[in-house]
Amino acid sequence: MADSAQAQKLVYLVTGGCGFLGEHVVRMLLQQEPRLRELRIFDLHLGPWLEELKTGPVQVTAIQGDVTQAHEVAAAVAGAHVVIHTAGLVDVFGRASPETIHEVNVQGTKNVIEACVQTGTQFLVYTSSMEVVGPNIKGHPFYRGNEDTPYEAVHRHPYPSSKARAEQLVLEANGRKVRGGLPLVTCALRPTGIYGEGHQIMRDIYYQGLRLGGRLFRAIPASVEHGRVYVGNVAWMHVLVARELQQRPALMGGQVYFCYDKSPYKSYEDFNMEFLGPCGLRLVGTRPLLPYWLLMFLAALNALLQWLLRPLLLYAPLLNPYTLAMANTTFTVSTNKAQRHFGYEPLFSWEESRTRTIRWMQAMDSSAQ
Ligand SMILES: NC(=O)c1ccc[n+]([C@@H]2O[C@H](COP(=O)([O-])OP(=O)(O)OC[C@H]3O[C@@H](n4cnc5c(N)ncnc54)[C@H](O)[C@@H]3O)[C@@H](O)[C@H]2O)c1
Ligand SMILES: CC(C)[C@@H](O)CC[C@@H](C)[C@H]1CC[C@H]2[C@@H]3[C@H](O)C=C4C[C@@H](O)CC[C@]4(C)[C@H]3CC[C@]12C
């Protein structure tokens, strides 16, 4: 066993380390990566909770920065052995312009790649998304597919388009020579809909239900399966893939892996009720209460209102044409590629994932009262 000084020798950088997923990746690294000497957390918005991490044996370096600024990224990457790039603009609600989404998700990823090449960082893990595959603009279902399932990945929306381009750039960069002459080794992880402690959309849906007297109204047929994965398991997969990428570059370099666990296949709304129900909410209707054409009309009306009101205020409801299409299209994965390539097994069972999420929501509820 190498002595502790030799064991703790690696510098990791997590971009977006203060986000919903990023925070779980940061905490998982500190718990599960024994070779960590320094953990750099790069984010546009640093969280106050970072201070509590600075009391441990690992040097935790918080870096406030913008991935769209190449020089800031290069300064943060310089000297890192591994970069986990989770930073991104996750917007399907029309909050940011298409240009801004592209600038952050695509140009920001280009800046991370070039920083690795210029400074000699050899390992890069990118947080991609299921949306790189689908649902496509034709609404084709993807039923329990895997990384090799044929599917017409056609996108028009800025967010999935930006994620698809960024993933492509990361995978194409695999094998490029970095400073010092060694090859850059990259891979991309594709989470489906992540849930768990800190999930803002779940929080928004909960408060929407409270405003409606503890009721949510079914809009999507229960038969439409939507892939979900617990944030702790996604974080664990990031830590494991970053470790094993160093051991098996030939096998794992340039590969994509769906993030998966034992979370059940359910509709988006029914799945959410696994957590919202124990918090006192009720989903009204065993089938959609409104016909789909009326939902499409209301979604289009929301999009029109957003456009009309934009000069005055940001109106960004959950229901818009894109989110309705997404929720209404089956997209689930069934794969074991991560297990076959780098021995991934979920760290948290479905029961643990569910319990942890419910506890978070109940704590959020009690603090809100
Ligand atoms: N939430 C999901 O269901 C889901 C599913 C699949 C993939 N993903 C991907 O996971 C990653 C993290 O998503 P999330 O849900 O945690 O989102 P999030 O918004 O909670 O976190 C994103 C983080 O990136 C930071 N960031 C944004 N723009 C930045 C910039 N210009 N420079 C530096 N930092 C910047 C934000 O401050 C935030 O802390 C994203 O790349 C997203 O596409 C998310
Ligand atoms: C208003 C109803 C129709 C309601 O059911 C809408 C739900 C809608 C807000 C969500 C349905 C599917 C979600 C997306 C999915 O889980 C995967 C995603 C990929 C990830 O990279 C980012 C988040 C998201 C786009 C996620 C966003 C919320 C939904 C659209």
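In this predicted model, Arg190 lies over the face of Phe258, at 5.7 Å from the ring centre. A second placement of this kind involves Lys337, which lies over the face of Tyr257 at 5.1 Å from the ring centre. Aromatic side chains also pair with one another, and the structure holds 15 such pairs. Two ligands are present: 25 residues surround ligand 1, and 15 residues are around ligand 2.

**Aromatic pairs**

- One of the 15 aromatic pairs is formed by Phe271 and Trp350, whose ring centres are 5.5 Å apart.
- The planes of Phe271 and Trp350 stand at 45 degrees, so this pair is tilted.
- Phe271 belongs to helix α9 and Trp350 to helix α13 (residues 350-368), so their pairing ties together parts that are 79 residues apart in sequence.
- Trp350 also pairs with Phe275, with 6.1 Å from centre to centre and 70 degrees between the planes, an edge-to-face arrangement.
- Phe275 lies in helix α9 and Trp350 in helix α13, so this pair ties together parts 75 residues apart in sequence.
- Ring pairs link Phe271, Phe275 and Trp350 into a cluster that also includes Tyr195, Tyr230 and Phe348.

**Burial of the paired rings**

- Both Phe271 and Trp350 are buried.
- Trp350 has a relative accessibility of 14% and therefore counts as buried, the cut-off being under 20%.
- Phe275, at 0% relative accessibility, counts as buried too.

**Surroundings of ligand 1**

- Among the 25 residues that surround ligand 1, the closest are Leu21, Asp43, Asp66, Tyr159 and Lys163.
- By class, the shell around ligand 1 has 11 nonpolar, 11 polar and 3 charged residues.
- Helix α2 (20-32), helix α5 (158-172) and strand β8 (193-195) each supply at least two residues of this shell.
- A polar backbone atom of Phe20 is 2.9 Å from an oxygen atom of ligand 1.
- Thr86 has a backbone N or O atom 3.0 Å from an oxygen atom of ligand 1.
- For Gly88, the distance from a polar backbone atom to an oxygen atom of ligand 1 is 3.5 Å.
- Ligand 1 has 820 Å² of accessible area on its own, and the protein covers 86% of it.

**Surroundings of ligand 2**

- Of the 15 residues around ligand 2, those that come nearest are Val90, Ser129, Glu131, Tyr159 and His226.
- The shell around ligand 2 divides into 9 nonpolar, 4 polar and 2 charged residues.
- Helices α9 (268-276) and α11 (321-327) each supply at least two residues of the shell around ligand 2.
- The largest share of that shell, 3 residues, comes from α11.
- The side chain of Tyr159 has an N or O atom 2.6 Å from an oxygen atom of ligand 2.
- Ser129 places a polar side-chain atom 2.8 Å from an oxygen atom of ligand 2.
- In His226, a polar side-chain atom lies 3.2 Å from an oxygen atom of ligand 2.
- Ligand 2 exposes 630 Å² when taken alone, and the protein buries 89% of that.

**Elements that recur**

- Tyr159 is listed among the closest residues of ligand 1 and among those nearest to ligand 2.
- Helix α9 supplies at least two residues of the shell around ligand 2, and this helix also holds Phe271 and Phe275.

Terms used. Residues numbered from 1 in each chain as written. Chains lettered and ligands numbered in written order. Predicted model: local features only at pLDDT ≥ 70, side-chain atom pairs only at ≥ 80, totals over all residues. Heavy atoms only, no water. Near = heavy atom within 4 Å. Polar contact = N/O pair within 3.5 Å; in protein donor to acceptor, adjacent residues only side chain to side chain. Areas by Shrake-Rupley, 256 points an atom, 1.4 Å probe, with all protein chains shown as cover. Helix = DSSP H or I, 4+ residues; strand = E, 2+ residues; numbered from the N terminus. Nonpolar A, V, L, I, M, F, W, Y, C, P; charged D, E, K, R; others polar. Phe/Tyr/Trp six-rings, centres within 6.5 Å; stacked < 30°, edge-to-face > 60°. Buried < 20%, exposed > 50% of the residue type's maximum accessible area, 1.4 Å probe, protein only. Lys NZ or Arg CZ within 6 Å of the ring centre and 35° of its normal.
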